[in-house]
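Good morning, and thank you for the time. I would like to present one structure and then take its parts in turn.

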Amino acid sequence: MQERTRRILMTICGVLICGFSVGMFNFSALGLDPFQVFTHGIFKILPVGAPGFGTVVTAFLMGQLIAFFNRTLVEPMRYGKKKGK
């Protein structure tokens, strides 16, 4: 497999895993951990550079992935069945 193709596949897999993880984290209602507070503060202080491929993929897919994983995996695990049935 070419290096570029491998990197693109790894980025997409990482975004999928991140989307599922964010969905699980949101339903847990635990709040922010110290590292997230730290990175949020650093983000507000430092200037942001040009977005890369991973940033663009995340920007366009993360919301849809979180909604998909919430609907198909997280809610059935939390409630035992799909909501509304």
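I shall go through the helices, the core, the aromatic residues and the cysteines.

Please keep in mind that this is a predicted model.

Let me begin with helix 1, which runs over residues 3-28. With 26 residues at 1.5 Å a residue, helix 1 should span 38 Å, and its end C-alpha atoms lie 37 Å apart, so the two values agree. Which residues of helix 1 are buried? They are V15, G19 and G23. An α-helix has 3.6 residues a turn, so residues three or four places apart point the same way. Part of the cover over the buried residues of helix 1 comes from helix 3. Just after helix 1, the backbone at A29 adopts a positive phi of about 55°.

One residue of helix 1 shows the other situation. R7 also belongs to helix 1, but its relative accessibility is 54%, and R7 therefore counts as exposed. Between R7 and G54 the C-alpha to C-alpha distance is 9.9 Å, although 47 residues separate them in sequence.

Helix 2 comes next, at residues 34-45. From first to last C-alpha, its 12 residues reach 17 Å, close to the 16 Å expected at 1.5 Å a residue. How many residues of helix 2 are buried? The number is zero, so helix 2 lies largely in the open.

I turn now to the interior. The largest nonpolar core consists of six residues, namely V15, V57, M62, L65, I66 and F69. Helix 3, residues 53-79, makes the greatest contribution to this core, with five residues. V15, for its part, is one of the buried residues of helix 1. Within the core, M62 deserves a closer look. When neighbours within four places in sequence are set aside, M62 is in contact with V15, C18, G19 and V57. Two of these names, V15 and G19, have already appeared as buried residues of helix 1.

The aromatic residues follow. There are two aromatic pairs in the structure. In one of them, F20 and F69 meet edge-to-face, at 5.6 Å centre to centre and with 80° between the planes. This pair joins distant parts of the chain, since F20 sits in helix 1 and F69 in helix 3, 49 residues apart. Are the two partners buried or exposed? F20 has a relative accessibility of 27% and so counts as partly exposed, whereas F69, at 12% relative accessible area, is buried. The other pair is F68 with F69, also edge-to-face, at 5.4 Å centre to centre and 65° between the planes. F68 is partly exposed, with a relative accessible area of 39%. Taken together, F20, F68 and F69 make up one aromatic cluster. F69 thus takes part in this cluster and in the largest nonpolar core.

Finally, the cysteines. How many disulfides does the structure contain? The count is zero, judged by whether two cysteine sulfur atoms come within 2.5 Å. C13 is partly exposed, with a relative accessible area of 42%. C18 is likewise partly exposed, at 35%, and C18 is also among the contacts of M62 described earlier.

That concludes the presentation, and I would welcome discussion.

Conventions
Residues are numbered from 1 along each chain as its sequence is written. This is a predicted model: local features need pLDDT of at least 70, side-chain atom pairs count only at pLDDT 80 or more; totals for chains, interfaces and linings use all residues. Side-chain values use heavy atoms; hydrogens and water are left out. A nonpolar core is a set of buried Ala, Val, Leu, Ile, Met, Phe, Trp, Tyr and Cys residues joined through side-chain atoms within 4.5 Å. Buried means under 20% relative accessible area, exposed over 50%, partly exposed in between (1.4 Å probe, protein chains only). Helices (H or I, at least four residues) and strands (E, at least two) are DSSP runs, numbered from the N terminus. Contact means heavy atoms within 4.5 Å. The expected span of a helix is 1.5 Å times one less than its number of residues. Rings of Phe, Tyr and Trp (its six-membered ring) pair if their centres lie within 6.5 Å; planes under 30 degrees apart count as stacked, over 60 as edge-to-face and the rest as tilted.
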